[in-house]
Amino acid sequence: MSFKNLGLCDQLLRAIKEQGYEEPTPVQKEAIPVILKKRDILAGAQTGTGKTAGFTLPMLQLLSEHKPTKKTHVKALILTPTRELAIQVQESVALYGKFLPFKSCTIFGGVKINPQITALRKGIDIVVATPGRLLDHISQKTIDLSKVDFLILDEADRMLDMGFINDIKKVLAVIPKQKQTLLFSATYSKDIKKLSDSLLNAPVLVEVARTNQSSEQIQQVVHPVDKTKKRELLTHLIKKDDWKQVLVFTRTKHMANRLSGQLETDGISSAAIHGNKSQNARVKALADFKAGKVKVLVATDIAARGIDIDQLPHVVNYELPNVPEDYVHRIGRTGRAGNKGEAVSLVCVDEDEFLANIEKLIKKDIHKTIVKGFAPDPSIKAEPINMGGGGRGRGGGNRNRGGGNSRGNARNKPRGRN
Ligand code: AMP
């Protein structure tokens, strides 16, 4: 999929080419066509995913399709939580729009208001603003937002965290009801849902995992270890550094249950969530985890999808996923919203191919360190992994020694989702 296929005009394609972007990022692939269809969107995308171009490019495209008017007026309003982000977004607007005739400016507090008033008087098409100073302009009638077609809220979760909700509501009161609204947020909370319900009209949901571009917030490490030593190593890591909140992933429901029980035996409070647990049990496990009553939540990939927890410090892949994209989803649970996070993978020799596929996907080698006392036994040979995991095989049901699965065809197996 190229930028051209997304339906962007020549002026934008030229600007993209100048930036050296070869192809759209996942959020751009998903969001751009939807925005061009004039739909509202609710997008879960963090910084580093290319989200700014994801909304700026189609916005510029749609604005360029408007009939020119005699007098310039504000057509698009982009709200950001901080002045730094406002500057960054306006730079992107200017960069991608350099071959289009639109004027843009930033509006934020902590600087003199008069130059902003002068700029607005001259005529501005696209305003990038923080809510507080924008309200000053609204109350002084130095900005006219009555013809806004586009409203974009960038990093909406941070705006809510910073207490901007009332300011946002006041801004909404002076812009037309009929408009296209795009809401970007790194996290989904109840407040974000409330805001999106009140603001968006039949929104299309766009959610993308972080790409490797954005994973610098996440420190990734692989600890090679024998399968039979994984549990001991996990307990050791949790106790050694006194980890307070750890999300642990397994491939199967069975393993999630088993591991959770074993951790309890090791004196580490733990709960498991997976598809076989009732909704109530899942809600309770999650609530206990969030409240710090249980230290470790052991989850399968599917069960973890609905979890929204900010700022998880540690994610552990007790078993690597057989679908490499799941690795990206898993580690995206940590290092959110600008916080540092650590993603630790305990990898036994059976999983070498899974690891190779993951490294291919994220286009980098993950740093490997052997934890003292847990060096893998080099005489142990790789064995096939059975993704069915029903609890009947040897060693706790996660293995099928006679099933004829070879490591080579592991990728062709059912996704083993639980
Ligand atoms: P953002 O998530 O909007 O903060 O963007 C993160 C970085 O990705 C910025 O430095 C952009 O210049 C860059 N970027 C955006 N889109 C692309 C793309 N399609 N290819 C390569 N880099 C990109």
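In the predicted model, Asn317 of β12 has Ser345 as its bridge partner in β13. Strands β12 and β13 run parallel and are joined by 4 bridges. On its other pairing, β12 is linked to β9, again by 4 bridges and in parallel; here Val246 has His314 of β12 as its bridge partner. The side chains of β12 are divided between two directions, with His314 and Val316 pointing one way and Val315 and Asn317 the other. These four residues of β12 are all buried. In general, side chains of a regular strand alternate between the two faces of the sheet.

These pairings belong to an open sheet of 7 strands, in which the pairing is parallel and the order is β10-β11-β9-β12-β13-β8-β14. The edges are occupied by β10 (270-273) and β14 (367-368); each has a single partner strand, so one side of each lacks a neighbour in the sheet. Strand β13 (residues 341-347) also pairs with β8 (residues 218-224), in parallel and through 7 bridges. Within this pairing, Gly341 in β13 stands opposite Ile218.

Two helices that pack on the sheet may be described together. Helix α10 touches β8, β9, β11 (296-299), β12 (314-317) and β13, and its direction makes about 155° with that of β13. Helix α14 touches β8, β9, β12 and β13, and the angle between its direction and that of β12 is about 155°.

Helix α14 (residues 324-331) also packs against helix α15 (residues 352-362), at an angle of about 70° and with the axes 8 Å apart. Angles of 65 to 115 degrees count as roughly perpendicular, and α14 and α15 are therefore roughly perpendicular to each other. On the α14 side the contact is made by Pro324, Glu325, Tyr327 and Val328, and on the α15 side by Asn357, Ile358, Leu361 and Ile362. The residues of this contact comprise 6 nonpolar, 1 polar and 1 charged.

Elsewhere in the chain, helix α8 (residues 165-173) has Asp167, Ile168 and Val171 as buried residues. Viewed down the axis of α8, the buried residues fall within an arc of 100°, so they line one face of the helix. An α-helix has 3.6 residues a turn, so residues three or four places apart point the same way. The buried residues of α8 pack against two strands and two helices, namely β2 (76-79), β5 (150-153), α6 (131-139) and α7 (156-161). Lys169 and Ala173, both exposed, are carried by the face of α8 turned away from the buried side.

Backbone conformation was also examined in two loops. Most residues other than glycine have a negative phi. Lys38, a residue other than glycine, has a positive phi, near 70°. Lys38 lies in the loop between α2 (26-36) and β1 (41-44). The relative accessibility of Lys38 is 58%, and residues over 50% count as exposed, so Lys38 is assigned to the exposed class. A positive phi is also found at Asp242, where the value is near 50°. Asp242 is placed in the loop between α10 (230-240) and β9 (246-249). With a relative accessible area of 41%, Asp242 is partly exposed.

Note on methods
Residues are numbered from 1 along each chain as its sequence is written. This is a predicted model: local features need pLDDT of at least 70, side-chain atom pairs count only at pLDDT 80 or more; totals for chains, interfaces and linings use all residues. Side-chain values use heavy atoms; hydrogens and water are left out. Axes are lines fitted to C-alpha atoms, for helices over the stretch in contact, and angles run from 0 to 180 degrees between N-to-C directions. Angles under 35 degrees count as roughly parallel, over 145 as roughly antiparallel, 65 to 115 as roughly perpendicular and the rest as oblique. Contact means heavy atoms within 4.5 Å. Ala, Val, Leu, Ile, Met, Phe, Trp, Tyr, Cys and Pro count as nonpolar, Asp, Glu, Lys and Arg as charged, and the others, Gly among them, as polar. Buried means under 20% relative accessible area, exposed over 50%, partly exposed in between (1.4 Å probe, protein chains only). Two strands pair if DSSP finds at least two bridges between them. The arc is that of the directions from the helix axis to the C-beta atoms.
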